[in-house]
Amino acid sequence: MWAAYTLVFLLGALIGFAELISRYRDDPGALFRIRAVGIYVVINGVISLAALYLIQVFDVVEAADGATLTTSTELIYEILLASFGGAAFFRSSIARAKAGDMEVAVGPSFLIENF
């Protein structure tokens with residue numbers, strides 16, 4: 001079980017780091033000199049951990065046709081759903097509102113954007 005949580009944390013952190021690399025294409029090496037990058041990557045890993053925990057508590061993963069999944073297949077689905085789903089959820093917004101001269105996201109992405 002700890003291996004699943006470790007893998008989910010690493011995948012979530014990797015997704016966060018890949019997002020930063022895509023934003024700073026001109027000088028991705030500069031990311032290694034910015035302290036906040038490490039914090040951002042860890043936050044992404046923690047988001048994935050929280051997603052895996054909630055997926056397992058609420059038993060979200062089940063076969064579409066009502067068949068039973070093997071424990072290992074279910075765990076793989078949970079890992080993928082938590083890693084990529086957690087990242088997608090916290091980057092989504094319901095709407096965008098104007099606050100002065102800035103646009104502000106309304107929804108979970110508000111947390112990530114403000115950090």
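Accessible areas were obtained by the Shrake-Rupley method with a 1.4 Å probe. On this basis, the protein, examined here as a predicted model, exposes about 7700 Å². Carbon and sulfur atoms supply 68% of that exposed area. Of the 115 residues in the protein, 29% are buried.

The secondary structure consists of four helices and two strands. Along the sequence these elements follow the pattern α-α-α-β-β-α. With regard to contacts between residues at least 6 apart in sequence, 50% join residues at least 24 apart.

A single aromatic pair is present in the structure. The pair is formed by F17 and F32, whose ring centres are 5.6 Å apart. The angle between the two planes is 50°, and the pair is accordingly classed as tilted, given that this class lies between the stacked arrangement, under 30 degrees, and the edge-to-face arrangement, over 60. The pair links distant parts of the chain, its two residues being 15 residues apart. F17 belongs to helix α1, which spans residues 2–23, whereas F32 lies in the loop between α1 and α2, the latter helix covering residues 35–57.

The two partners of the pair were also assessed for solvent accessibility. F17 has a relative accessible area of 18% and is therefore buried, the cut-off being under 20%. F32, in contrast, has a relative accessible area of 66%; this residue is therefore exposed, as the value is over 50%. The aromatic pair thus joins a buried residue of helix α1, F17, to an exposed residue of the loop between α1 and α2, F32.

Notes. Residues numbered from 1 in each chain as written. Predicted model: local features only at pLDDT ≥ 70, side-chain atom pairs only at ≥ 80, totals over all residues. Heavy atoms only, no water. Phe/Tyr/Trp six-rings, centres within 6.5 Å; stacked < 30°, edge-to-face > 60°. Buried < 20%, exposed > 50% of the residue type's maximum accessible area, 1.4 Å probe, protein only. Contact = heavy atoms within 4.5 Å.
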